[in-house]
There are 2 protein chains.
Amino acid sequence: MSTTAEDLRTIALEEFATAGYAATSLHRIAELAGLSKSSVLYHYESKDALLAAAVQPAITALGTILDELESKPRTRATRNRFIEEFVDFLLDHTPEVNLFINQGPSLVDVPVVDVANAAVVRLAEYFFTTTTTTEDWMRFGVALGGAAYMLASQRTMGFEPTPREETRTVLIGILGELLAPVKTKG
Amino acid sequence: MSTTAEDLRTIALEEFATAGYAATSLHRIAELAGLSKSSVLYHYESKDALLAAAVQPAITALGTILDELESKPRTRATRNRFIEEFVDFLLDHTPEVNLFINQGPSLVDVPVVDVANAAVVRLAEYFFTTTTTTEDWMRFGVALGGAAYMLASQRTMGFEPTPREETRTVLIGILGELLAPVKTKG
DNA sequence: ACAGTTTCTGACCGATCGGTCAGTTATCGT
DNA sequence: ACGATAACTGACCGATCGGTCAGAAACTGT
């Protein structure tokens with residue numbers, strides 16, 4: 001069972017993430033939902049509102065994860081546990097993450113995107129409290145953008161549909177390497 | 001010294017990469033160039049043609065690098081040398097790469113994008129000729145998308161402008177790790 | 001059966017899109 | 001000085017955009 005509003009949210013999210021927010025018309029969304037454009041605007045007062053509704057759950061979920069993270073002791077185990085939770089988050093909200101990573105800079109006027117940006121900053125600050133070297137920042141950027149791109153490629157391209165459990169395990173390993181590099185110097 | 005056509009190419013590339021192709025109007029490009037929309041269409045016969053002209057040099061450059069790569073013996077030294085050249089390519093053509101990574105899937109009808117896609121496949125095939133495990137593909141995706149995202153973030157966000165040489169060195173190291181993981185098993 | 005509410009639709013609006021075209025301005029070879 | 005050509009512009013076109021609105025259609029409780 002699903003409501004019309006939920007269907008629209010799902011369809012819009014998928015289109016926004018793949019074709020782009022600007023390139024996706026309300027008519028197109030209505031067409032995919034089997035409705036008229038007017039009906040879409042009945043459930044959501046504007047295109048912006050539809051975007052906000054589409055990404056809101058992901059932002060809330062990430063906020064919750066970060067709340068937990070910051071409340072725990074700053075140990076290696078906590079950090080490793082977080083990486084697992086973060087990978088689960090990426091797998092559960094791949095379209096939203098992809099939308100944010102790819103089109104975030106061009107959606108500056110949408111309030112909900114600012115919240116998402118703030119969450120990323122929070123995330124980065126946790127990993128690099130004092131020792132924020134250039135390499136740390138670069139590793140963080142590669143990990144975040146790389147994971148998002150790779151998952152998006154898996155989704156959009158044909159790319160044999162890897163079982164979620166395998167994707168999860170491998171991605172946790174890769175992010176672990178990137179965010180906790182073997183200290184070779186110092 | 002620079003011609004009007006070159007200016008338009010540069011401006012369009014920057015706008016397409018940051019604001020998105022669909023979200024960038026010819027009027028906007030003309031405005032940034034201090035011209036009228038008609039003048040833009042005088043130098044480039046269509047918006048598509050402008051996009052093609054903007055990304056063509058990067059695609060040609062990548063093609064050249066791949067030609068060289070495939071002509072050399074398949075040694076570790078060749079592979080390491082290639083990573084250096086590839087990082088230089090990323091640094092020299094960051095907007096183009098970012099445009100392709102972020103909006104490639106939504107620009108399917110533009111011929112030049114297909115050529116770029118083919119180049120990425122060529123690249124992937126070089127790294128994983130026979131032993132294309134799922135993890136290999138994922139590492140390749142993370143490396144490619146991660147490098148592109150990180151460089152784009154450096155450009156668009158404030159992010160203290162790291163000297164090119166430092167960015168280059170660190171990025172070569174990161175890609176080296178991702179594309180030639182320490183074999184822990186087997 | 002009927003009133004009330006939710007859901008949905010077509011017609012319409014102003015704005016903006018990419019693109020065309022006739023004509024003006026600037027540049028240049030001779 | 002002048003004709004040819006390159007560069008540029010404003011007016012205009014059909015199409016599509018996001019959004020409004022009055023009303024039809026469907027579903028609800030009584």
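**Contacts with the DNA strands and the helical architecture of chain A**

In the predicted model, a polar side-chain atom of A:T4 is placed 3.5 Å from a phosphate oxygen of DNA strand C. Two further approaches to the phosphates of this strand involve the protein backbone. A backbone N or O atom of A:S36 is found 2.8 Å from a phosphate oxygen of DNA strand C, and a polar backbone atom of B:T24 lies 3.3 Å from a phosphate oxygen of that strand. Helix 3 of chain A and helix 3 of chain B are the elements that contribute two or more residues to the surface near DNA strand C. The greatest contribution, four residues, is made by helix 3 of chain A.

In total, 15 residues surround DNA strand C, and those that come nearest are A:S38, A:S39, A:H43, B:K37 and B:K47. Of the atoms of DNA strand C that come within 4 Å of the protein, 50% belong to sugar and phosphate. Classified by residue type, the surface near DNA strand C comprises four nonpolar, nine polar and two charged residues.

DNA strand D is likewise surrounded by 15 residues, of which A:K37, A:K47, B:S38, B:S39 and B:H43 come nearest. Sugar and phosphate make up 50% of the atoms of DNA strand D that come within 4 Å of the protein. Both backbone and side-chain atoms approach the phosphates here. A polar backbone atom of A:L26 lies 2.9 Å from a phosphate oxygen of DNA strand D, while for B:S36 a backbone N or O atom is located 2.8 Å from a phosphate oxygen of the strand. In the case of B:S39, a polar side-chain atom is 2.5 Å from a phosphate oxygen of DNA strand D; B:S39 is also among the residues that come nearest to this strand.

At the level of secondary structure, helix 3 (37-43) of chain A and helix 3 (37-43) of chain B each provide at least two residues of the surface near DNA strand D. The largest share is that of helix 3 of chain B, with four residues. The composition of the surface near DNA strand D is four nonpolar, nine polar and two charged residues.

Chain A contains nine helices and zero strands, and its order along the sequence is α-α-α-α-α-α-α-α-α. The C-alpha trace of chain A extends over about 65 × 35 × 30 Å along its principal axes. Of its 186 residues, 48% are classed as buried. When contacts in chain A between residues at least 6 apart in sequence are considered, 70% connect residues at least 24 apart.

Helix 7 of chain A, covering residues 111-127, consists of 17 residues and spans 26 Å from its first C-alpha to its last, close to the 24 Å expected at 1.5 Å a residue. Its buried residues are A:V112, A:V113, A:A116, A:A119, A:V120, A:L123, A:A124, A:Y126 and A:F127. Viewed down the axis of helix 7 of chain A, these buried residues fall within an arc of 160° and therefore line one face of the helix. The elements covering the buried residues of helix 7 include helix 4 (47-71), helix 5 (76-92), helix 6 (94-103), helix 8 (134-156) and helix 9 (164-179) of chain A.

Helix 9 of chain A also contains A:T167. With a relative accessible area of 1%, A:T167 is buried, because the cut-off for burial is under 20%. Residues up to four places away in sequence being excluded, A:T167 touches A:L91, A:L151, A:Q154, A:T162 and, from chain B, B:M138.

Two alanine residues of chain B were also examined. B:A49 belongs to helix 4 (residues 47-71) of chain B and is partly exposed, with a relative accessible area of 24%. The C-alpha atoms of B:A49 and B:T64 are 22 Å apart in space, with a sequence separation of 15 residues. B:A23, in turn, is situated in the loop between helix 1 (4-19) and helix 2 (26-33) of chain B. B:A23 has a relative accessibility of 46% and so counts as partly exposed. A distance of 21 Å separates the C-alpha atoms of B:A23 and B:A148, which are 125 residues apart along the chain.

How values were computed. Residues numbered from 1 in each chain as written. Chains lettered and ligands numbered in written order. Predicted model: local features only at pLDDT ≥ 70, side-chain atom pairs only at ≥ 80, totals over all residues. Heavy atoms only, no water. Near = heavy atom within 4 Å. Polar contact = N/O pair within 3.5 Å; in protein donor to acceptor, adjacent residues only side chain to side chain. Nonpolar A, V, L, I, M, F, W, Y, C, P; charged D, E, K, R; others polar. Expected span 1.5 Å × (residues − 1). Buried < 20%, exposed > 50% of the residue type's maximum accessible area, 1.4 Å probe, protein only. Arc of directions from axis to C-beta. Contact = heavy atoms within 4.5 Å.
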